[in-house]
Amino acid sequence: MSLLPDQMPPVKPKISPEERRRRTADRLTMIRLKMAIGRELDERGIIRPAEIGVALGLPPAEATKLLTRHQWREGDVEQLEAAAARLGVQVQEPASSASLS
């Protein structure tokens, strides 16, 4: 059975090389932030979702999703940076990341 032109599924637009580089850099930043935040929470003995939410200044479900989500989403880097700042966590970018931009 063939589809008529008006029944074809929409074509997903391709992202530009610049956008791909930005998203790759964001993913790496997110991984570093998640690891640093997780380490800090562990050191403080904060393990329950409600405690994590209070520590990060987010609702418990949102805080848990932010720290465990594997998919890149717009705005996650900013939320993770705010959470790290709230905890007093410093994350330095490696020198090699400058070549990505």
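**Figure 1. Glutamine 92 and glycine 88, in the segment after helix 4.** In this predicted model, glutamine 92 lies in the segment that follows helix 4, and with a relative accessible area of 72% the residue is exposed, since the cut-off for that term is over 50%. Although 63 residues separate glutamine 92 from threonine 29 in sequence, their C-alpha atoms are 9.4 Å apart in space. Glycine 88 belongs to the segment after helix 4 as well, and glycine 88 is exposed, with a relative accessible area of 56%. For glycine 88 the partner shown is isoleucine 37, which stands 51 residues away along the sequence, with 9.4 Å between the two C-alpha atoms.

**Figure 2. The protein as a set of helices.** The secondary structure consists of 4 helices and 0 strands, and reading along the sequence gives the pattern α-α-α-α. Of the 101 residues in the protein, 27% are buried. If one takes the contacts in the protein with a sequence separation of 6 or more, 66% of them join residues that are 24 or more positions apart.

**Figure 3. Helix 1, its length and its buried residues.** Helix 1 covers residues 17-44, and at 1.5 Å a residue its 28 residues should span 40 Å, which agrees with the 41 Å between its end C-alpha atoms. The buried residues of this helix are Asp26, Thr29, Met30, Leu33, Lys34, Ala36, Ile37, Glu40 and Leu41, a list that can be read with the helical repeat in mind. An α-helix has 3.6 residues a turn, so residues three or four places apart point the same way. The buried residues of helix 1 pack against helix 2, helix 3 and helix 4. Just after helix 1 comes glycine 45, which takes a positive phi of about 75 degrees.

**Figure 4. Isoleucine 46, in the loop between helix 1 and helix 2.** Isoleucine 46 has its place in the loop that runs between helix 1 and helix 2. Its relative accessibility is 16%, and because buried means under 20%, isoleucine 46 counts as buried. When neighbours within four places in sequence are left aside, isoleucine 46 is in contact with Leu41, Glu51, Ile52 and Ala55; of these partners, Leu41 is among the buried residues of helix 1.

**Figure 5. Helix 1 against helix 4.** These two helices pack at an angle of about 30 degrees, and their axes are 10 Å apart; helix 1 and helix 4 are therefore roughly parallel to each other, a term used for angles under 35 degrees. Helix 1 passes helix 4 in a left-handed crossing. On the side of helix 1, the contact is made by Asp26, Thr29, Met30, Leu33, Lys34, Ile37, Glu40, Leu41 and Arg44, while helix 4 contributes Asp76, Val77, Leu80, Glu81, Ala83, Ala84 and Leu87. Sorted by class, the residues of this contact are 9 nonpolar, 1 polar and 6 charged.

**Figure 6. Alanine 83, a buried residue of helix 4.** Alanine 83 is found in helix 4 and is buried, with a relative accessible area of 1%. Leaving aside its neighbours within four places in sequence, alanine 83 touches Ile37 and Leu56. With isoleucine 37, which is 46 residues away along the chain, the separation from one C-alpha atom to the other is 7.7 Å.

**Figure 7. Helix 2 against helix 4.** Helix 2, made of residues 49-56, and helix 4, made of residues 76-87, pack at an angle of about 90 degrees, with 8 Å between their axes. That angle makes helix 2 roughly perpendicular to helix 4. Val54, Ala55 and Leu56 of helix 2 form the contact with Ala83, Arg86 and Leu87 of helix 4, and these residues divide into 5 nonpolar, no polar and 1 charged.

**Figure 8. Helix 1 against helix 3.** The axes of helix 1 and helix 3 come within 9 Å of each other and cross at roughly 125 degrees, and the two helices are therefore oblique to each other. In this view, Lys34, Ile37 and Leu41 in helix 1 meet Leu66, Leu67 and Thr68 in helix 3. The residues of the contact comprise 4 nonpolar, 1 polar and 1 charged.

How values were computed:
Residues numbered from 1 in each chain as written. Predicted model: local features only at pLDDT ≥ 70, side-chain atom pairs only at ≥ 80, totals over all residues. Heavy atoms only, no water. Axes fitted to C-alpha atoms, helices over the stretch in contact; angles between N-to-C directions. Parallel < 35°, antiparallel > 145°, perpendicular 65-115°, else oblique. Contact = heavy atoms within 4.5 Å. Nonpolar A, V, L, I, M, F, W, Y, C, P; charged D, E, K, R; others polar. Left-handed = near helix turned anticlockwise from the far one by under 90°. Expected span 1.5 Å × (residues − 1). Buried < 20%, exposed > 50% of the residue type's maximum accessible area, 1.4 Å probe, protein only.
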